[in-house]
Structures are given as C-alpha cells and as structure tokens.
Amino acid sequence: MSSQSQSAIILGTGSYAPENVVTNDDLAKIVDTSDEWIRTRSGIGQRHFAAKDEATSDMACIAAQRAIEAAGIERNEIDLIIVATMTPDMPFPSTACLVQSKLELPNVTTFDMQAACSGFVYALSVANSMLLSGNFSKALVIGAEKMSGILDFEDRTTCVLFGDGAGAAILARDTTANVGILGAIGGADGSSPSLLQQPGGGSAMPASEASIAARQHFLKMNGKEIFKSAVRVMGQASSDILEQVGYTAEDLDLVIPHQANMRIIESLAKRLKIPMEKFHNNLDRFGNTSAASVPIALDEAFRAGRIKSGDLILLVAFGAGLTWASTLIKWQ
Ligand code: ACO
C-alpha cells in the first residue's frame, strides 16, 4: 500500500431530488414503452423531474446547503466551488458562479467541470489537487443535472433512462496519514463523440430554426455501443485505481458506481469479483442523473449508515466523451 501524509477528506455530503416523481407507467403514457421493458433493460423504476422553473443551480444549492450543514462548517469557509454538470443553467456564466451568488458566498474560485456523467468523480480529483496545493482550504464539489431539459420525449430509447437531481460534498485538507482521497484516475477517449451527444446549441451547430426542427438540441445516444464501452472502462478504471494505491478488490467495503444501468453494474461486480451487497445502488428510484448520480448515492449511503470510519470506498463513473474516472477513499 502506498503511503501519503496528507489528502482531502470529505467532511459532509448532501443531496436533493425534485418533488415530481415520474414512474415508468407515467412515461408509457407518452412513448411506446412499458414498466417491464425499462426495469428489465435498465433496472430503473422511477425518476425525479425538476419543475419548469427549477434550474440546475437551484438543485445544486439545496444539495450544497445540506452538505454544509452535514460538514458543520460556516459557508464562508468555502474558498472553492466546482459544479460538475452537462446541463448548466446556461452556457455562461458557469453554474458554479450562479451557485456562489445564490449561496451568498464572497469572492471564491468557481468553475464548472464538463466530463458528463464522470464529472463529479473528475471534480473530486481536481478539488483534491487544489486543496493539496495549499492555496485552498475548503471545497464545495457538486454534481447537478436537469436531464429532463435535454431529453427528447419522442425518443423512447433515451427518454426513459435519465432523471434530475443534485449531490454535493465539502472537502478539506487533512494531515492524518492514509485517510481521505488516496488516489484518483481520470481518462477519456474522444474519438467517437457521436455515441452520446447533444449536437445542437454549441459553436458547431448554433441554434437555428432548422436545428430545432431537426431535434438536434436533445440528447442522442447509441445505447448498445455505450453499454459495451461502459463495462470495459468501469472495470479498467476500478482495477487501475486499486493497483495504483496498492489495494485489491477484496479490501473494498463499499462501491459507489455511476448509476446508468443495473446490467452494467452487475457486469462490473462480476469482473471485480465483488458481491453486489457491497454496491450502493439507487438506480431504481432515480434513473441516471449523470454527474449527480455518484454524489446522490454517496450521500444516501452515508446517511443510511453504510459508511464508517476506516472504510475503503471506490467511486467509479463513465460518461459521454467517452470519459471515465475512479477515486479511492479511506473514510476518516
Ligand atoms: N421501450 C420499449 N422498447 C424499447 C425501448 C423502450 N423504452 N427502447 C428501445 N426499445 C426497443 C428497441 O427499439 C429494440 O427493438 P427492436 O429489437 O425491434 O429493434 C429493442 O427494444 C432492443 O433495444 P436495444 O437497444 O437492443 O436494447 P438494449 O438491451 O441494448 O438496452 C439500453 C438499451 C437500456 C439503452 C442499453 O443499451 C444501455 O443501457 N446502454 C448504456 C446507456 C448508458 O449507460 N448511457 C449513459 C451514459 S452516461 C452519460 O454520460 C449520460
């Protein structure tokens, strides 16, 4: 096992899901699908959709406030905000700036992280490095998404899979040896962006009547290809981080994988030879909330008493890009 003298620890977590619960049966009234198809192919039973006037930053702020309370800090101790999202309130300013303003925080470093569903795990790694630089003392890291805003409710192959929500964590530097974030990996293969993308609305295809009529502002996905890549990269990112830090899969107490598809998670469990009881999953209740999925599950696991001092926890995610990321945490 590699040894480290300081790292970032998670002082507290929080999460939020919008009030409106949409069941598979509800969606079956809009598109040609069924509860049975969605459950057996993905493991999803329901998801939360944000209200029309509820933006990503609104959900992010509620999750953040809950994390601040759980961490027991004053909000003005925060000097770094990173929001991982692929559904920002608007292209600019960043959602992190909007969160800063809504939380009434003074001058702090704020920026968004765009690594799709891997965003929160990427952001943890960046926050860890920035805290270790000595220039920051407390980081607020958020994963928040309003996926319902980019879903095409005429495309049954994608609109049944995603949900809205936010999760947050407060990180601080700690000098206790071998606790906190022990290591992190982030990877990407940008060679096939069309496997999962929102083609319209950026500089390549600015919004026009034609782009809107062609439904180019909605999420498009080749589910089968993404599925195959996901199984491979989630497995690799998990074994690589364990090897890098000097642990084996048997040492893990808890795995929090990105909640995209139960069959992907089961394949990961099989590949790592870890029993499913060691995974914390909530896909059945939330669907795929993209960058919010890992922090929502982390918060749930913590509040359910599934995380205790000394536990070794693996966070692992993949997403559009293709991107992937893993983090190994020894809970303080
Ligand atoms: N209801 C009913 N039937 C459907 C639906 C639906 N909602 N969607 C597709 N079908 C049909 C298809 O049309 C197809 O019919 P056909 O055989 O007559 O052509 C049939 O069901 C089988 O479709 P497949 O695409 O083969 O289904 P598959 O078993 O591959 O499951 C799924 C599809 C769930 C999308 C799966 O491929 C998957 O989960 N892929 C990974 C997606 C993912 O993880 N995305 C998140 C990435 S993270 C991020 O960054 C956002």
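Trainee: What makes the pair between the ligand and the side chain of Trp37 a polar contact?

Mentor: This is a predicted model, so keep that in mind throughout. An oxygen atom of the ligand is 3.2 Å from an N or O atom in the Trp37 side chain. The cut-off is within 3.5 Å, so the pair counts.

Trainee: Which ligand atom pairs with the side chain of Arg41, and at what distance?

Mentor: An oxygen atom of the ligand, at 2.8 Å from a side-chain N or O atom of Arg41. That pair also meets the 3.5 Å limit.

Trainee: What part of Arg156 faces a nitrogen atom of the ligand?

Mentor: A polar backbone atom of Arg156, 2.8 Å away. As for cover, the protein hides 76% of the 1000 Å² that the ligand exposes on its own.

Trainee: How many residues surround the ligand, and which are the closest?

Mentor: The count is 26. Thr33, Cys117, Lys224, Asn261 and Ala320 are the closest. A residue joins the shell if one of its heavy atoms is within 4 Å.

Trainee: What classes make up that shell?

Mentor: It holds 14 nonpolar, 7 polar and 5 charged residues.

Trainee: Which element gives the largest share of the shell?

Mentor: Helix H8 does, with 4 residues. H8 spans 223-245. Other elements that supply at least two residues include helix H2 (35-42), helix H9 (262-272) and strand E12 (312-319).

Trainee: Why is the ligand said to lie between domain 1 and domain 2?

Mentor: Domain 1 covers 7-179, and domain 2 covers 181-274 + 303-330. Both give residues to the shell, so the ligand lies between them.

Trainee: Where does the space taken by the ligand rank among the pockets?

Mentor: It is the second largest pocket.

Trainee: What makes the bond between Phe92 and Pro93 cis?

Mentor: Its omega is about 0°. Pro93 sits in the loop between strand E4 (80-84) and helix H4 (95-102).

Trainee: What is omega for the peptide bond from Gly321 to Leu322?

Mentor: Near -5°, and this bond is cis. Leu322 is in the loop between E12 and strand E13 (323-330).

Trainee: What is notable about phi of Ala116?

Mentor: Phi is near 50°, a positive value in a residue other than glycine. Ala116 lies in the loop between strand E5 (109-113) and helix H5 (119-132).

Methods:
Residues are numbered from 1 along each chain as its sequence is written. This is a predicted model: local features need pLDDT of at least 70, side-chain atom pairs count only at pLDDT 80 or more; totals for chains, interfaces and linings use all residues. Side-chain values use heavy atoms; hydrogens and water are left out. A polar contact is a pair of N or O atoms within 3.5 Å; within protein, one must be able to donate a hydrogen and the other to accept it, and residues adjacent in sequence count only if both atoms are side-chain atoms. Accessible areas come from the Shrake-Rupley method with a 1.4 Å probe; for residues, only the protein chains shown count as cover. On a 1 Å grid over the protein atoms alone, a cavity is a set of points where a 1.4 Å probe fits but cannot get out, and a pocket is an open set with protein on both sides within 12 Å along at least five of seven lines; lining residues have an atom within 4 Å of a point. A molecule sits in a cavity or pocket if more than half of its atoms lie within 2 Å of its grid points. Ala, Val, Leu, Ile, Met, Phe, Trp, Tyr, Cys and Pro count as nonpolar, Asp, Glu, Lys and Arg as charged, and the others, Gly among them, as polar. Domain bounds come from an automatic or database domain assignment.
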